[in-house]
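Here is a brisk report on a protein chain. Keep the sequence and the 3D view open while reading.

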Amino acid sequence: MSLDLGATRRDMLIVEDLKKYFPVRSGLLQRVTAWVKAVDGVSFTIREGETFGLVGESGCGKTTVGRTILRLLPANGGRVFFDGEDLFALGRGEMKSMRRNMQIVFQDPYSSLDPRMPVGETISEGMMIHGIGTAQERTETVADLLKTVGMNPYHARRYPHEFSGGQRQRIGIARALALRPRFIVCDEPVSALDVSVQSAVLNLLRGLQSQFGLTYLFIAHNLSVVEHISDRVGVMYLGKMVEVTTREAIFRNPLHPYTQALLSAIPMPDPKFKRQRIVLTGDVPSPLNPPSGCRFHPRCPRVMDICKTVDPAFEQKQSDHWVACHLYSASAAEQTAPSAP
């Protein structure tokens with residue numbers, strides 16, 4: 001499904017009905033007995049120069065979406081277009097060239113860096129693979145990148161264990177910038193960092209976006225972080241996209257009950273302000289055996305009979321506001337309307 005969100009800016013990335021299933025194997029022959037539906041029909045667009053925040057509970061499929069878009073994981077269905085190019089149709093050589101435009105900053109700054117390589121070699125490795133510049137030019141580029149992310153050029157000779165978590169994440173950001181990409185997947189880049197350094201890394205990312213004209217897919221589960229950095233926000237639940245709209249609309253007028261529950265859990269800095277908390281009952285269902293109909297219906301405080309059997313369509317309900325919920329569909333209106341005398 002292609003989404004035309006009425007963008008004033010050009011759509012750089014278009015994700016249509018993306019699916020990623022992981023096999024469950026059992027028995028002596030390790031045959032596939034079931035599938036974990038980590039991502040099951042996700043569609044959204046990202047406009048050039050914007051930050052698209054992707055949020056949801058742990059295990060909802062956010063990271064899998066980011067990695068499948070970049071073809072770090074093979075997709076089971078759907079299409080992804082980058083500047084009009086169908087990424088899933090590209091051959092190996094074509095995809096290698098395309099990767100110069102698309103990079104990723106991983107969540108864990110400890111495991112994403114090779115402990116046996118000086119960070120200068122880690123940053124320049126992509127340039128070597130793509131044959132960019134001479135050895136001297138790559139060394140100069142690494143020094144410039146380290147200064148760009150707030151570190152010193154002599155750090156290039158040190159190893160990852162000699163740095164703090166915040167410094168390692170800055171190195172990861174420098175590595176992502178080495179090929180001068182236009183699109184970066186930020187996979188929870190601050191969740192593993194101390195609160196004291198999270199804001200510094202977020203402000204760095206915003207500054208780099210302005211400096212290099214970057215477009216971000218920013219994956220997070222912290223809504224306060226998403227509010228700080230995102231232009232538009234997509235909310236995922238159990239492998240499905242349930243709501244997409246602007247940052248202002250998602251925090252001022254959320255439509256989906258799951259989004260409303262997430263926002264009600266955000267702590268308020270003012271102790272005198274009392275937010276009406278929406279407490280969800282029950283546990284998140286397993287993606288191995290998701291419920292029929294709307295996947296949120298076992299925990300939804302506003303569940304209706306139609307929610308239990310019919311999967312709601314992901315449709316535009318307001319200007320630049322998409323939601324998958326029967327509360328806003330004509331069929332639900334007929335169900336809840338009083339019968340004629």
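Arg47 counts as buried because its relative accessibility is 8%, under the 20% cut-off. This is a predicted model, so the values here are computed from predicted coordinates. Arg47 belongs to strand 2, which covers residues 31–47. Its side chain makes a polar contact with the side chain of Asp320, at 3.2 Å.

Asp187 also counts as buried, because its relative accessibility is 1%. Asp187 lies in strand 7. Its side chain makes a polar contact with the side chain of Thr63, at 2.9 Å. Leaving aside residues up to four places away in sequence, Asp187 touches Thr63, Arg67, Val105, Phe106, Gln107 and Ile219. Glu137 is 50 residues from Asp187 in sequence. In space, the two C-alpha atoms are 30 Å apart.

Now the sheet. Eight strands form an open sheet with mixed pairing. Their order is 6-7-8-3-9-10-12-11. Strand 6 (102–105) and strand 11 (315–318) stand at the edges. Each has a single partner strand, so one side of each has no neighbour in the sheet. From one strand to the next, the twist averages 20 degrees.

At one of these edges, strand 11 pairs with strand 12 (residues 321–323). The pairing is antiparallel and runs over three bridges. Gln318 has His321, in strand 12, as its bridge partner.

Which helices pack on the sheet? Helix 1 and helix 9 both do. The table lists their contacts and angles.

| Helix | Strands touched | Angle between directions |
|---|---|---|
| Helix 1 (residues 62–69) | strand 3 (51–55), strand 7 (183–187), strand 8 (215–219), strand 9 (232–237) | about 150 degrees with strand 8 |
| Helix 9 (residues 257–264) | strand 9, strand 10 (240–246) | about 105 degrees with strand 9 |

The contact between helix 1 and strand 7 can be read alongside the residue contacts of Asp187, which include Thr63 and Arg67.

Helix 3 comes next. Which residues of helix 3 (residues 119–129) are buried? They are Val119, Gly120, Thr122, Ile123, Ser124 and Met127. Their cover includes helix 4 (135–148) and helix 5 (165–177). Just after helix 3, Gly131 takes a positive phi of about 65 degrees.

Terms used
Residues are numbered from 1 along each chain as its sequence is written. This is a predicted model: local features need pLDDT of at least 70, side-chain atom pairs count only at pLDDT 80 or more; totals for chains, interfaces and linings use all residues. Side-chain values use heavy atoms; hydrogens and water are left out. Helices (H or I, at least four residues) and strands (E, at least two) are DSSP runs, numbered from the N terminus. Buried means under 20% relative accessible area, exposed over 50%, partly exposed in between (1.4 Å probe, protein chains only). A polar contact is a pair of N or O atoms within 3.5 Å; within protein, one must be able to donate a hydrogen and the other to accept it, and residues adjacent in sequence count only if both atoms are side-chain atoms. Two strands pair if DSSP finds at least two bridges between them. Axes are lines fitted to C-alpha atoms, for helices over the stretch in contact, and angles run from 0 to 180 degrees between N-to-C directions. Contact means heavy atoms within 4.5 Å.
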